[in-house]
Amino acid sequence: MIHDILTIFWKEWKEIKELIWQRGSGRGSGLRLVAVFGIVGGYLPWQFGIMWIESPLPVIYGAFYSIFMVTSIIVDCFAGERERHTLETLLASRIPDYAILLGKLTATISYGMCFVLIIEIIGLFAANLNVNSGMFVNYSAQTMLSILLISFFGSWLMAEIGLFLSLRASTVRQVTQNLNTGIMVAFLVANFGFTALPKTWKETILHVFNINDGQAIMYVIAIILLVIDVIILFLTTDTFKLEKLAIEHR
Amino acid sequence: MTELAICTDSLCKRFGSLHAVENLSLQVPSGIVFGFLGPNGAGKTTTIRLLLDLLCPDQGTAEVLGFNTHKDGQLIREFCGVLLEHDGLYERLSAEDNLELYGKIYRLSKAERSSRIRELLTHINLWERRTEKIGGWSYGMKKKLAVARALIHHPRLVFLDEPTAGLDPIAAASLRDDLSKLVRNDGATVFLTTHNLAEVEKLCNRVAVINEGKLVASGTPYELESTVNVQQVEVMGLCFDQTVINLLSERPEVKEVHLNQEGCLQLLVNSEVKIAPLVRLLVEAGAQVEEVRKNRPDLEQVFLNLVSEGKAIKKLTRFNKL
């Protein structure tokens, strides 16, 4: 089982690597990566200084980056393979369907996590440059744990949603549109939903966030994400049927 | 008793109102090249999908390499090599990585993988280009790589859908040679779908023809050719004028007669008809006969005959319903 998952994981990483390199060419790709890591990972934390290290900012940014990076890759997983006619040959091999699913899922999550970890490490050094206290200030253990948990469960959630949509779509463009619409709707509902709440409710919520330990809230969010992740994983596994994929491939 | 690589019993698959495969009962002995013929949309690809358990049949059963497709799909796929309608290659990856992936999938050890990849790529003259991404390769090169991928794990049964389509004549001949060797030396079975009937005649030990989801004929190419109850006769000579043609057309045993552009008289007669009386008739009518050649119907004729018969029956059924 592990061997099969790792095989798909290996294939996905090879493709991700080629995809990143393909977007630019040679030195162009390298410069683009340096620019992304420099601006997102270096410049922003440098501006925040000590606030970057001591506030929940790295957790929030980490969650955002992981979700963003995972979304850009996951849309290609099944719809892309179907579009390029590689999925049916893969399904016609001996590899079990769950290995294909989990291999793609783990590769995508690990890609998001790698990006976040690199960004957070660069961010830590950049923020320290601004502090310039002569001592190296590190993230607290709770912050580090929160970064890992929220980014991991957040990217897992997005990867699963992306997979779920990718299984049902026939083209990458269709998945991208569905996913972007979904994210926009979720954002708008959360934003307008909160604004539409009665004033007393809003005050209560803000009060809870203020008086409680921020880390505890992070853990609660992580647990909620974990529960949602597990539910969607079962739904996705159930959806992933060889026959359906093959027929849709006709 | 011959061991069967594939055995299906009344296999049916419908997509809505479309009967993609209907009551297909097929027996493919092990260790042969089996040609599966049919016009476009006849149900060939659906049959392969059913045999690989990528689709569930609505009715009937199928056994591949002794395993039931419904229960042991994964085991079947373990022992089969596949080249489907599309090559299924990852264009962002190199040729070597494409083969490496399937070597890993079929659990070849690292040493086995590297030696097998080298062997296959050298054989198809692509070893020097192994690190190139295949996205820019020609159709024929990709096809050769896809066939190599299907053979990487020494499969017991290979499904090849149009393997020589798009290959140059040298590459196509080389592939045919390889498939013959695969059967002869490794004892593998090859299930081949193709539209190239000359290829089938050269390569296949047994043939089945499917049309509109139904099996219309099966047997050796020779057996199939014998089912056509006509023979083509070519008469070369001089003075083949309209009178001679009319004289032959009036004979009940002659089904068709025409003069081709090279001045050769072509007759279509029943297979049991003796040709000598017809030649005498020609000579008596003033024609000068230099050479008479009897041709057995080839597989193409058989195929066209079977497919057109199916269409004629269908038309007749529709007409009767009206």
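**Reading a strand and an interface**

Me: In this predicted model, how many bridges join β7 (residues 157-161) of chain B to β8(B), and in which sense do the two strands pair?

Reply: Strands β7(B) and β8(B) pair in the parallel sense, over 5 bridges, and within this pairing F159(B) stands opposite F191(B). Between the two strands the chain passes through helix α6 (residues 169-186) of chain B, which makes a right-handed β-α-β crossover.

Me: Which other strand pairs with β8(B), and over how many bridges?

Reply: Strand β3 (residues 33-37) of chain B pairs with β8(B), in the parallel sense and over 4 bridges, and here F191(B) is the bridge partner of F34(B).

Me: How should I read the burial of a strand such as β8(B), and which residues lie on each of its faces?

Reply: A residue counts as buried if 20 or more other C-beta atoms lie within 10 Å of its own. In β8(B), residues 189-193, 5 of the 5 residues are buried, with T189(B), F191(B) and T193(B) on one side and V190(B) and L192(B) on the other, so that both faces are covered. For chain B as a whole, 40% of its 322 residues count as buried.

Me: How is the size of an interface described, and how many residues of chains A and B are in contact here?

Reply: The size of an interface is often given as the accessible area lost when the parts come together. Here the description is by residues in contact, 24 of chain A with 23 of chain B. On the side of chain A that touches chain B, α1(A) gives the largest share, 9 residues, and by class that side has 9 nonpolar, 7 polar and 8 charged residues.

Note on methods:
Residues are numbered from 1 along each chain as its sequence is written. Chains are lettered from A and ligands numbered from 1 in the order in which they are written. This is a predicted model: local features need pLDDT of at least 70, side-chain atom pairs count only at pLDDT 80 or more; totals for chains, interfaces and linings use all residues. A residue is buried if 20 or more other C-beta atoms lie within 10 Å of its own, exposed if 12 or fewer, and partly exposed in between; C-beta atoms are placed from the backbone. Two residues are in contact if their C-beta atoms, placed from the backbone, lie within 7 Å. Ala, Val, Leu, Ile, Met, Phe, Trp, Tyr, Cys and Pro count as nonpolar, Asp, Glu, Lys and Arg as charged, and the others, Gly among them, as polar. Two strands pair if DSSP finds at least two bridges between them. A crossover is right-handed if, with the strands pointing away from the viewer, the path from the first strand over the helix to the second runs clockwise.
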